[in-house]
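Here are some short exercises to work through with the model open beside you. Try each task before you read its solution.

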Amino acid sequence: MLTAFATLLCVTAFLAFLNERLFKFPTTVGVTLAGALASILLIALDALGFPGLRGWASQVLSTLNFTNFVLNGILSILLFAGALSLDAGQMLRQRTSILVLAVFSTLISTFLIGFAAYGAFALVGLGVPLLWCLLFGALISPTDPVAVLDLLKRAQVPKRIETLIAGESLFNDGVGVVIFLVVASIAGIGGQGHAEASALGALNLFVREALGGLAFGGLLGGLGYLMLREIEQHAVEVLITLALVVGGYVAATTLGVSGPLAMVVAGLIVSASRHVVFERATLGHVEGFWETTDQVLNILLFAFIGLDVLLTRTTGPQIIAGALLVAASLLARWVSVIVPFAFVRRRDGYGAYTARLLTWGGLRGGIAISLVLGLPETPYRTHLVTATYIVVLFSIAVQGLTIMPLVHKATQANRQEP
(Lines give C-alpha, C1' and ligand atoms only; values in the text may rest on other atoms or scores of the structure.)
Protein backbone atom coordinates (compact mmCIF):
# COMPACT_ATOMS: atom_id res chain seq x y z
CA MET A 1 0.00 0.00 0.00
CA LEU A 2 2.88 2.38 0.74
CA THR A 3 4.28 1.75 -2.74
CA ALA A 4 0.87 2.36 -4.30
CA PHE A 5 0.39 5.61 -2.38
CA ALA A 6 3.92 6.76 -3.25
CA THR A 7 3.16 6.08 -6.92
CA LEU A 8 -0.10 8.07 -6.75
CA LEU A 9 1.66 10.92 -4.96
CA CYS A 10 4.45 11.14 -7.57
CA VAL A 11 2.06 10.92 -10.52
CA THR A 12 -0.20 13.58 -8.97
CA ALA A 13 2.73 15.92 -8.37
CA PHE A 14 3.80 15.52 -12.00
CA LEU A 15 0.26 16.15 -13.29
CA ALA A 16 -0.06 19.24 -11.08
CA PHE A 17 3.30 20.50 -12.36
CA LEU A 18 2.21 20.04 -16.00
CA ASN A 19 -1.05 21.86 -15.34
CA GLU A 20 0.68 24.83 -13.69
CA ARG A 21 3.32 25.09 -16.41
CA LEU A 22 1.24 24.40 -19.53
CA PHE A 23 -2.53 24.57 -19.08
CA LYS A 24 -3.08 27.03 -16.21
CA PHE A 25 -6.49 25.51 -15.43
CA PRO A 26 -7.85 25.61 -11.86
CA THR A 27 -5.70 22.98 -10.15
CA THR A 28 -8.38 20.41 -9.36
CA VAL A 29 -9.91 20.68 -12.86
CA GLY A 30 -6.53 20.53 -14.60
CA VAL A 31 -5.29 17.57 -12.57
CA THR A 32 -8.50 15.62 -13.22
CA LEU A 33 -8.27 16.21 -16.96
CA ALA A 34 -4.58 15.36 -17.00
CA GLY A 35 -5.29 12.15 -15.08
CA ALA A 36 -8.04 11.19 -17.52
CA LEU A 37 -5.72 11.88 -20.48
CA ALA A 38 -3.00 9.79 -18.82
CA SER A 39 -5.52 6.95 -18.43
CA ILE A 40 -6.50 7.19 -22.11
CA LEU A 41 -2.81 7.13 -23.07
CA LEU A 42 -2.21 3.99 -21.02
CA ILE A 43 -5.27 2.32 -22.58
CA ALA A 44 -3.95 3.24 -26.05
CA LEU A 45 -0.49 1.88 -25.23
CA ASP A 46 -2.12 -1.30 -23.96
CA ALA A 47 -3.97 -1.67 -27.27
CA LEU A 48 -0.71 -1.10 -29.19
CA GLY A 49 1.07 -3.96 -27.48
CA PHE A 50 2.23 -2.72 -24.09
CA PRO A 51 -0.17 -4.75 -21.90
CA GLY A 52 1.83 -4.47 -18.70
CA LEU A 53 1.29 -0.72 -18.26
CA ARG A 54 -2.48 -0.78 -17.86
CA GLY A 55 -2.37 -3.83 -15.60
CA TRP A 56 0.27 -2.22 -13.40
CA ALA A 57 -1.65 1.05 -13.10
CA SER A 58 -4.90 -0.79 -12.36
CA GLN A 59 -3.18 -2.79 -9.64
CA VAL A 60 -1.88 0.39 -8.00
CA LEU A 61 -5.36 1.97 -7.96
CA SER A 62 -7.01 -1.24 -6.78
CA THR A 63 -4.53 -1.50 -3.91
CA LEU A 64 -5.45 1.96 -2.66
CA ASN A 65 -9.23 1.34 -3.02
CA PHE A 66 -10.94 4.60 -3.89
CA THR A 67 -13.87 4.10 -1.49
CA ASN A 68 -11.61 3.52 1.52
CA PHE A 69 -9.29 6.30 0.38
CA VAL A 70 -12.16 8.81 0.42
CA LEU A 71 -14.88 7.67 2.84
CA ASN A 72 -12.60 6.07 5.42
CA GLY A 73 -9.56 8.23 4.74
CA ILE A 74 -9.47 11.83 3.61
CA LEU A 75 -13.15 12.81 3.73
CA SER A 76 -13.08 13.75 7.41
CA ILE A 77 -10.04 15.97 6.87
CA LEU A 78 -11.50 17.66 3.78
CA LEU A 79 -14.83 18.43 5.46
CA PHE A 80 -13.23 19.74 8.66
CA ALA A 81 -10.76 21.87 6.70
CA GLY A 82 -13.55 23.25 4.51
CA ALA A 83 -15.67 24.18 7.53
CA LEU A 84 -12.66 25.68 9.32
CA SER A 85 -11.95 27.97 6.36
CA LEU A 86 -15.46 29.48 6.42
CA ASP A 87 -16.59 32.53 8.32
CA ALA A 88 -18.76 30.81 10.94
CA GLY A 89 -20.50 34.07 11.86
CA GLN A 90 -21.48 34.74 8.25
CA MET A 91 -22.61 31.14 7.88
CA LEU A 92 -24.74 31.41 11.01
CA ARG A 93 -26.47 34.47 9.56
CA GLN A 94 -27.23 32.47 6.39
CA ARG A 95 -28.13 29.25 8.21
CA THR A 96 -31.71 29.16 6.92
CA SER A 97 -30.71 29.42 3.26
CA ILE A 98 -27.88 26.90 3.64
CA LEU A 99 -29.90 24.28 5.53
CA VAL A 100 -32.98 24.63 3.31
CA LEU A 101 -30.84 24.09 0.21
CA ALA A 102 -28.72 21.33 1.73
CA VAL A 103 -31.67 19.24 2.90
CA PHE A 104 -34.50 19.90 0.45
CA SER A 105 -32.36 20.36 -2.66
CA THR A 106 -30.61 17.03 -2.00
CA LEU A 107 -33.90 15.21 -1.39
CA ILE A 108 -35.58 16.65 -4.49
CA SER A 109 -32.52 15.94 -6.64
CA THR A 110 -32.30 12.34 -5.37
CA PHE A 111 -35.82 11.49 -6.50
CA LEU A 112 -35.67 13.42 -9.79
CA ILE A 113 -32.38 11.82 -10.84
CA GLY A 114 -33.49 8.41 -9.56
CA PHE A 115 -36.61 8.34 -11.73
CA ALA A 116 -34.70 9.81 -14.68
CA ALA A 117 -32.08 7.05 -14.32
CA TYR A 118 -34.81 4.42 -14.27
CA GLY A 119 -36.10 5.73 -17.58
CA ALA A 120 -32.65 6.24 -19.14
CA PHE A 121 -31.42 2.73 -18.34
CA ALA A 122 -34.70 1.22 -19.59
CA LEU A 123 -34.47 3.24 -22.80
CA VAL A 124 -31.11 1.68 -23.74
CA GLY A 125 -32.12 -1.82 -22.68
CA LEU A 126 -30.42 -1.92 -19.30
CA GLY A 127 -32.99 -3.00 -16.74
CA VAL A 128 -31.99 -1.40 -13.44
CA PRO A 129 -34.44 -1.65 -10.49
CA LEU A 130 -35.94 1.60 -9.21
CA LEU A 131 -34.24 1.32 -5.79
CA TRP A 132 -30.85 1.06 -7.45
CA CYS A 133 -31.71 4.09 -9.58
CA LEU A 134 -32.62 5.99 -6.41
CA LEU A 135 -29.22 4.95 -5.02
CA PHE A 136 -27.69 6.59 -8.07
CA GLY A 137 -29.76 9.70 -7.42
CA ALA A 138 -28.58 9.81 -3.80
CA LEU A 139 -24.89 9.41 -4.60
CA ILE A 140 -24.80 11.85 -7.53
CA SER A 141 -26.82 14.64 -5.85
CA PRO A 142 -24.19 15.93 -3.32
CA THR A 143 -22.09 18.70 -4.87
CA ASP A 144 -18.36 19.22 -4.58
CA PRO A 145 -17.54 22.86 -5.43
CA VAL A 146 -13.84 22.73 -4.53
CA ALA A 147 -12.72 23.84 -7.97
CA VAL A 148 -15.43 26.49 -8.24
CA LEU A 149 -14.60 28.05 -4.86
CA ASP A 150 -11.14 28.86 -6.14
CA LEU A 151 -12.72 30.68 -9.08
CA LEU A 152 -15.18 32.47 -6.79
CA LYS A 153 -12.33 33.82 -4.67
CA ARG A 154 -10.39 34.99 -7.73
CA ALA A 155 -13.46 36.80 -9.05
CA GLN A 156 -14.09 38.42 -5.65
CA VAL A 157 -17.64 37.14 -5.44
CA PRO A 158 -19.57 38.67 -2.53
CA LYS A 159 -18.90 36.86 0.71
CA ARG A 160 -22.52 35.84 1.11
CA ILE A 161 -22.58 34.01 -2.23
CA GLU A 162 -19.31 32.22 -1.51
CA THR A 163 -20.54 31.20 1.95
CA LEU A 164 -23.87 30.00 0.52
CA ILE A 165 -22.22 27.76 -2.07
CA ALA A 166 -19.57 26.38 0.27
CA GLY A 167 -21.96 25.90 3.20
CA GLU A 168 -24.61 24.18 1.09
CA SER A 169 -22.00 21.83 -0.34
CA LEU A 170 -20.50 20.92 3.03
CA PHE A 171 -23.90 20.04 4.51
CA ASN A 172 -25.35 18.36 1.42
CA ASP A 173 -22.35 16.01 1.38
CA GLY A 174 -23.43 14.78 4.79
CA VAL A 175 -27.14 14.77 3.92
CA GLY A 176 -26.45 12.92 0.66
CA VAL A 177 -24.47 10.19 2.42
CA VAL A 178 -27.30 9.75 4.97
CA ILE A 179 -29.93 9.49 2.19
CA PHE A 180 -27.70 6.98 0.38
CA LEU A 181 -27.48 4.84 3.54
CA VAL A 182 -31.25 4.96 4.01
CA VAL A 183 -31.98 3.89 0.43
CA ALA A 184 -29.28 1.20 0.60
CA SER A 185 -30.86 -0.10 3.79
CA ILE A 186 -34.31 -0.29 2.17
CA ALA A 187 -32.76 -2.08 -0.81
CA GLY A 188 -31.16 -4.59 1.55
CA ILE A 189 -27.57 -3.77 0.59
CA GLY A 190 -26.66 -1.57 3.56
CA GLY A 191 -25.39 -2.55 6.95
CA GLN A 192 -28.97 -2.53 8.32
CA GLY A 193 -30.30 -5.07 5.83
CA HIS A 194 -34.03 -5.50 5.20
CA ALA A 195 -34.86 -4.83 8.83
CA GLU A 196 -35.10 -1.12 7.99
CA ALA A 197 -37.22 -1.61 4.87
CA SER A 198 -40.18 0.44 6.11
CA ALA A 199 -41.06 4.11 6.23
CA LEU A 200 -40.65 4.17 10.01
CA GLY A 201 -37.35 2.30 9.87
CA ALA A 202 -36.00 4.60 7.16
CA LEU A 203 -37.05 7.68 9.13
CA ASN A 204 -35.42 6.29 12.26
CA LEU A 205 -32.16 5.65 10.40
CA PHE A 206 -32.21 9.13 8.85
CA VAL A 207 -32.85 10.83 12.21
CA ARG A 208 -30.18 8.78 13.99
CA GLU A 209 -27.56 9.44 11.32
CA ALA A 210 -28.34 13.11 10.69
CA LEU A 211 -29.30 14.44 14.12
CA GLY A 212 -26.85 12.11 15.84
CA GLY A 213 -24.06 13.38 13.58
CA LEU A 214 -24.91 17.03 14.27
CA ALA A 215 -25.04 16.43 18.03
CA PHE A 216 -21.81 14.42 18.08
CA GLY A 217 -20.10 17.11 16.00
CA GLY A 218 -21.18 19.67 18.58
CA LEU A 219 -19.68 17.49 21.32
CA LEU A 220 -16.40 17.16 19.41
CA GLY A 221 -16.25 20.89 18.74
CA GLY A 222 -16.88 21.66 22.40
CA LEU A 223 -14.17 19.24 23.49
CA GLY A 224 -11.75 20.83 21.04
CA TYR A 225 -12.64 24.30 22.34
CA LEU A 226 -11.95 23.30 25.95
CA MET A 227 -8.59 21.72 25.11
CA LEU A 228 -7.33 24.33 22.66
CA ARG A 229 -7.99 27.34 24.88
CA GLU A 230 -5.67 25.90 27.57
CA ILE A 231 -2.49 25.78 25.43
CA GLU A 232 -0.49 28.08 23.17
CA GLN A 233 1.99 25.75 21.42
CA HIS A 234 0.97 25.57 17.74
CA ALA A 235 2.34 22.07 17.09
CA VAL A 236 0.23 20.66 19.92
CA GLU A 237 -2.80 22.65 18.71
CA VAL A 238 -2.43 21.17 15.23
CA LEU A 239 -2.09 17.70 16.75
CA ILE A 240 -5.25 18.17 18.82
CA THR A 241 -7.31 19.29 15.82
CA LEU A 242 -5.96 16.40 13.74
CA ALA A 243 -6.82 13.89 16.48
CA LEU A 244 -10.23 15.52 16.82
CA VAL A 245 -10.90 14.93 13.14
CA VAL A 246 -9.49 11.45 12.58
CA GLY A 247 -10.45 10.01 15.97
CA GLY A 248 -13.81 11.77 15.93
CA TYR A 249 -14.69 10.37 12.49
CA VAL A 250 -13.86 6.83 13.58
CA ALA A 251 -15.91 7.30 16.77
CA ALA A 252 -18.88 8.66 14.78
CA THR A 253 -18.80 5.65 12.46
CA THR A 254 -18.61 3.29 15.44
CA LEU A 255 -21.59 5.01 17.10
CA GLY A 256 -23.64 4.79 13.90
CA VAL A 257 -24.01 8.54 13.37
CA SER A 258 -23.04 10.65 10.36
CA GLY A 259 -19.29 11.27 10.37
CA PRO A 260 -19.44 13.88 7.56
CA LEU A 261 -22.03 16.02 9.39
CA ALA A 262 -20.08 15.67 12.64
CA MET A 263 -16.90 16.95 10.96
CA VAL A 264 -18.68 19.96 9.46
CA VAL A 265 -20.19 20.99 12.81
CA ALA A 266 -16.90 20.44 14.69
CA GLY A 267 -15.02 22.51 12.11
CA LEU A 268 -17.54 25.36 12.32
CA ILE A 269 -17.31 25.45 16.14
CA VAL A 270 -13.51 25.66 16.02
CA SER A 271 -13.78 28.29 13.27
CA ALA A 272 -16.23 30.39 15.33
CA SER A 273 -13.94 30.32 18.37
CA ARG A 274 -10.61 30.63 16.56
CA HIS A 275 -9.81 34.08 17.95
CA VAL A 276 -10.55 32.86 21.47
CA VAL A 277 -8.73 29.51 21.53
CA PHE A 278 -5.71 30.49 19.41
CA GLU A 279 -3.15 33.17 20.10
CA ARG A 280 -2.49 35.54 17.22
CA ALA A 281 1.01 34.09 16.78
CA THR A 282 -0.24 30.49 16.55
CA LEU A 283 -3.44 31.02 14.56
CA GLY A 284 -1.52 31.44 11.30
CA HIS A 285 0.33 28.14 11.85
CA VAL A 286 -2.89 26.20 12.48
CA GLU A 287 -4.79 27.77 9.57
CA GLY A 288 -1.79 27.32 7.27
CA PHE A 289 -1.54 23.63 8.14
CA TRP A 290 -5.21 22.95 7.41
CA GLU A 291 -5.28 25.08 4.25
CA THR A 292 -2.23 23.30 2.81
CA THR A 293 -3.50 19.87 3.84
CA ASP A 294 -6.87 20.61 2.26
CA GLN A 295 -5.32 21.70 -1.04
CA VAL A 296 -2.89 18.77 -1.26
CA LEU A 297 -5.56 16.15 -0.49
CA ASN A 298 -7.99 17.73 -2.95
CA ILE A 299 -5.37 17.56 -5.70
CA LEU A 300 -4.72 13.90 -4.83
CA LEU A 301 -8.44 13.17 -4.85
CA PHE A 302 -9.07 14.73 -8.25
CA ALA A 303 -6.02 13.04 -9.76
CA PHE A 304 -7.37 9.75 -8.44
CA ILE A 305 -10.72 10.48 -10.15
CA GLY A 306 -9.00 11.03 -13.50
CA LEU A 307 -6.74 7.97 -13.24
CA ASP A 308 -9.48 5.67 -11.96
CA VAL A 309 -11.06 5.67 -15.43
CA LEU A 310 -8.68 2.75 -16.02
CA LEU A 311 -10.79 0.48 -13.84
CA THR A 312 -14.08 1.22 -15.61
CA ARG A 313 -15.12 -1.24 -18.30
CA THR A 314 -17.86 0.33 -20.39
CA THR A 315 -20.34 -0.67 -23.09
CA GLY A 316 -22.15 1.41 -25.68
CA PRO A 317 -25.55 1.38 -23.94
CA GLN A 318 -23.90 2.38 -20.65
CA ILE A 319 -22.22 5.37 -22.30
CA ILE A 320 -25.50 6.46 -23.92
CA ALA A 321 -27.31 6.17 -20.58
CA GLY A 322 -24.53 8.15 -18.90
CA ALA A 323 -24.82 10.92 -21.51
CA LEU A 324 -28.58 11.10 -20.97
CA LEU A 325 -28.03 11.30 -17.22
CA VAL A 326 -25.64 14.23 -17.61
CA ALA A 327 -28.55 16.27 -18.96
CA ALA A 328 -30.93 14.80 -16.37
CA SER A 329 -28.56 15.62 -13.51
CA LEU A 330 -28.22 19.24 -14.62
CA LEU A 331 -31.98 19.64 -14.99
CA ALA A 332 -32.59 18.00 -11.61
CA ARG A 333 -30.01 20.25 -9.98
CA TRP A 334 -31.70 23.33 -11.45
CA VAL A 335 -35.17 22.27 -10.28
CA SER A 336 -33.89 21.21 -6.86
CA VAL A 337 -32.25 24.62 -6.42
CA ILE A 338 -34.98 26.94 -7.66
CA VAL A 339 -37.81 25.27 -5.71
CA PRO A 340 -36.35 25.72 -2.18
CA PHE A 341 -34.46 28.85 -3.25
CA ALA A 342 -37.78 30.56 -3.99
CA PHE A 343 -38.51 30.55 -0.25
CA VAL A 344 -35.22 32.15 0.79
CA ARG A 345 -34.13 34.35 -2.11
CA ARG A 346 -36.29 37.39 -1.34
CA ARG A 347 -35.83 36.93 2.41
CA ASP A 348 -32.04 37.12 2.14
CA GLY A 349 -31.84 39.35 -0.94
CA TYR A 350 -29.81 37.17 -3.31
CA GLY A 351 -29.20 38.39 -6.86
CA ALA A 352 -30.86 37.04 -9.99
CA TYR A 353 -27.88 34.92 -11.05
CA THR A 354 -27.34 33.18 -7.71
CA ALA A 355 -29.61 30.22 -8.50
CA ARG A 356 -27.92 29.76 -11.89
CA LEU A 357 -24.52 29.89 -10.24
CA LEU A 358 -25.62 27.29 -7.69
CA THR A 359 -26.85 25.08 -10.53
CA TRP A 360 -23.86 25.27 -12.88
CA GLY A 361 -21.39 25.47 -10.00
CA GLY A 362 -22.74 22.30 -8.37
CA LEU A 363 -19.87 20.05 -9.40
CA ARG A 364 -19.89 16.34 -8.61
CA GLY A 365 -16.72 14.70 -7.35
CA GLY A 366 -15.13 12.19 -5.03
CA ILE A 367 -18.15 11.51 -2.81
CA ALA A 368 -20.17 10.21 -5.77
CA ILE A 369 -17.40 7.95 -7.05
CA SER A 370 -16.48 6.56 -3.64
CA LEU A 371 -20.12 5.70 -2.89
CA VAL A 372 -20.75 4.00 -6.23
CA LEU A 373 -17.52 1.99 -6.03
CA GLY A 374 -18.57 0.82 -2.57
CA LEU A 375 -21.67 -0.90 -3.96
CA PRO A 376 -21.65 -4.73 -3.92
CA GLU A 377 -20.98 -6.68 -7.09
CA THR A 378 -24.27 -7.12 -8.95
CA PRO A 379 -25.30 -6.92 -12.63
CA TYR A 380 -26.42 -3.32 -12.00
CA ARG A 381 -23.24 -2.02 -10.38
CA THR A 382 -21.26 -1.50 -13.61
CA HIS A 383 -24.13 0.51 -15.11
CA LEU A 384 -24.13 2.88 -12.15
CA VAL A 385 -20.32 3.11 -12.05
CA THR A 386 -20.09 4.10 -15.72
CA ALA A 387 -22.90 6.66 -15.44
CA THR A 388 -21.30 8.16 -12.33
CA TYR A 389 -17.90 8.58 -14.01
CA ILE A 390 -19.49 10.22 -17.06
CA VAL A 391 -21.50 12.70 -14.96
CA VAL A 392 -18.51 13.51 -12.73
CA LEU A 393 -16.05 14.01 -15.59
CA PHE A 394 -18.52 16.22 -17.48
CA SER A 395 -19.15 18.19 -14.32
CA ILE A 396 -15.47 18.81 -13.63
CA ALA A 397 -14.31 19.31 -17.21
CA VAL A 398 -17.19 21.25 -18.80
CA GLN A 399 -18.85 23.03 -15.87
CA GLY A 400 -15.55 23.67 -14.10
CA LEU A 401 -14.02 25.31 -17.18
CA THR A 402 -17.05 27.37 -18.22
CA ILE A 403 -18.24 28.71 -14.87
CA MET A 404 -16.29 31.99 -14.94
CA PRO A 405 -18.68 34.01 -17.19
CA LEU A 406 -21.54 33.10 -14.86
CA VAL A 407 -19.39 34.03 -11.86
CA HIS A 408 -18.84 37.51 -13.33
CA LYS A 409 -22.58 37.99 -13.98
CA ALA A 410 -23.42 36.85 -10.46
CA THR A 411 -20.82 39.28 -9.12
CA GLN A 412 -22.31 42.19 -11.07
CA ALA A 413 -25.83 41.27 -9.96
CA ASN A 414 -24.77 41.25 -6.32
CA ARG A 415 -22.49 44.29 -6.26
CA GLN A 416 -24.79 46.02 -3.86
CA GLU A 417 -23.95 43.34 -1.26
CA PRO A 418 -21.19 44.13 1.25
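**Exercise 1.** Find the helix that holds Met263 and decide whether Met263 is buried or exposed.

*Solution.* Start with the helix: Met263 sits in α12, residues 259–272 (helices are DSSP runs of H or I with at least four residues, numbered from the N terminus). Next, take its relative accessible area, which is 0%. Met263 is therefore buried (under 20% relative accessible area with a 1.4 Å probe, protein chains only; over 50% would be exposed). Finally, look across to Ala81: it is 182 residues from Met263 along the chain, yet their C-alpha atoms are 9.0 Å apart.

A note on conventions: this is a predicted model, where local features need pLDDT of at least 70 and side-chain atom pairs pLDDT 80 or more, while totals for chains, interfaces and linings use all residues. Residues are numbered from 1 along each chain as its sequence is written, and side-chain values use heavy atoms, without hydrogens and water.

**Exercise 2.** Which residues line the largest cavity, and which element gives the largest share?

*Solution.* First, list the lining: Val326, Ser329, Leu330, Arg364, Val391, Phe394, Ser395 and Gln399 (a cavity is a set of points on a 1 Å grid over the protein atoms alone where a 1.4 Å probe fits but cannot get out; lining residues have an atom within 4 Å of a point). Then assign elements: α15 (316–348) and α18 (381–402) each give two or more residues. The largest share, four residues, belongs to α18.
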